[in-house]
Amino acid sequence: RTAYNMMIYEVHDFCVGLLDPEGQIVAQNTGGLPIFLADLGAAIVDGVQTFGPDRFAPGDVVLMNYPYICGQHLNNVVVYTPFFHDGALVAFPAVRAHWVDIGGARVGFGPGGTTEIYAEGLQLRSVKLYEAGRLNDSIERIIADNVRLPHAALGDLRAQIAACRVGERRLAELYDRYGASTIAACVRQIWDQAETLARQAVRAIPDGEYCAESFLDPDPFHPEAGPIPIRVRVVVEGDSFTVDLSGLPPQLRGSLNAGESGGVAAARVAFKAVTLPELPVNEGAFRPLRVILPPGTMLSAQPPAPVGNWSLSLPTVVDTLLRALAPALPHLIPAGHKADMGG
């Protein structure tokens, strides 16, 4: 409600979540972008690995948009804060929101013509903007001096921090009322219940191996190669569901790539759509899902691959996964989307 740019307050290009210190989703909002589904955990895991679980303090604020971990373009900045109860780190409220500019060669997003990440903007990998409540104004100046619209960017940043602080206050009310052990037991039960329902839904899908192909327009740097082939495979066996993305093309010179979490997110979006589309998002809902995704593909790109147009390739992979499942689930699978988004 306090965001400065229309990508957040009109397009709803954001997500809000509560995660445990292992990056597992306790809860995530509805109403945000589907392609933000259940991939905030990668940002938390990197922060815990970077700082160590004992080096967080009340009042910390961490920034993260590193694309080879978060899996998305640089505009999608994650802000999260640690929540403590009785001195123990128990959760992270987190907010991802699309900043209208993050620097780089073009204003907006989806830059054409980039061949490496450095042309696409400012990379922030597990950076503490606040430490124990104290602002690192040097980092704030770095952001302000590297974006075209610092007023909007810093306003959106403040809005994200404010949302995390609200999360901390609401968590404090819950923990003070019910206690840590009761809440932990409730979270485990929620996960277990979601897993049970998800496995029931998978068992309702006929066992089998389902494959499909689609394509994207040629990489502008290699037009002679022709359309980019998208090949996926889904294996359903009992109550387990495997998405095999090893048939995706190698990472491209152009900006249709995404980091590994992008590929995992594509699998999770498709899986959720055909199992429990109405159930709230939490980690238990994805326990039946296994993702095969070797490094170096279009959706598991390695540095310094550009990623600015990830929002064309990732939804196309989701569409192709749904197409693979259409013979088994004709009553659930919709028509394809337009596969065209830019800013």
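# A tour of one sheet and its helices

Begin with strand β11, residues 240–244: strand β11 pairs with β12 in the parallel sense, over 4 bridges. Please note that the model on the screen is predicted. Within this pair, select D244, which stands opposite I292 of β12.

**The whole sheet**

Next, widen the selection to the sheet to which these strands belong. The sheet is open and is formed by 4 strands, ordered β9-β10-β11-β12, with mixed pairing. Which strands stand at the edges? Select β9 (208–216) and β12 (289–292): each of these has a single partner strand, so one side of each is left without a neighbour in the sheet. Looking across the strands, one finds a twist that averages 15 degrees from one strand to the next.

**The helices on the sheet**

Now add helix α7, residues 260–274. Helix α7 packs on the sheet, where it touches β11 and β12, and its direction makes about 150 degrees with that of β12. Then add helix α8, residues 310–325. Helix α8 also packs on the sheet; the strands it touches are β9, β10 (228–237) and β11. The direction of α8 makes about 145 degrees with that of β9.

**Where α7 meets α8**

Hide the strands and keep the two helices. Helices α7 and α8 pack with their axes 9 Å apart, at an angle of about 40 degrees. How are they placed relative to each other? An angle from 35 to 65 degrees is neither roughly parallel nor roughly perpendicular, and α7 and α8 are therefore oblique to each other. Their crossing is right-handed.

To view the contact itself, display the side chains on both helices. On α7, select G262, A265, A266, A267, V269, A270, A273 and V274; these meet L314, V317, V318, L321, L322 and L325 on α8. By class, this contact has 13 nonpolar residues, 1 polar residue and no charged residues.

**A second helix pair**

Finally, move to helix α5 (residues 150–178) and helix α6 (residues 180–203). Their axes come within 7 Å of each other and cross at roughly 110 degrees. Because angles of 65 to 115 degrees count as roughly perpendicular, α5 and α6 are therefore described as roughly perpendicular to each other.

Which residues make the contact? Select L174, Y175 and Y178 on α5, together with A180, T182 and I183 on α6. The residues of this contact divide into 5 nonpolar, 1 polar and no charged.

Technical notes: Residues numbered from 1 in each chain as written. Predicted model: local features only at pLDDT ≥ 70, side-chain atom pairs only at ≥ 80, totals over all residues. Heavy atoms only, no water. Axes fitted to C-alpha atoms, helices over the stretch in contact; angles between N-to-C directions. Parallel < 35°, antiparallel > 145°, perpendicular 65-115°, else oblique. Left-handed = near helix turned anticlockwise from the far one by under 90°. Contact = heavy atoms within 4.5 Å. Nonpolar A, V, L, I, M, F, W, Y, C, P; charged D, E, K, R; others polar. Pairing = 2+ DSSP bridges.
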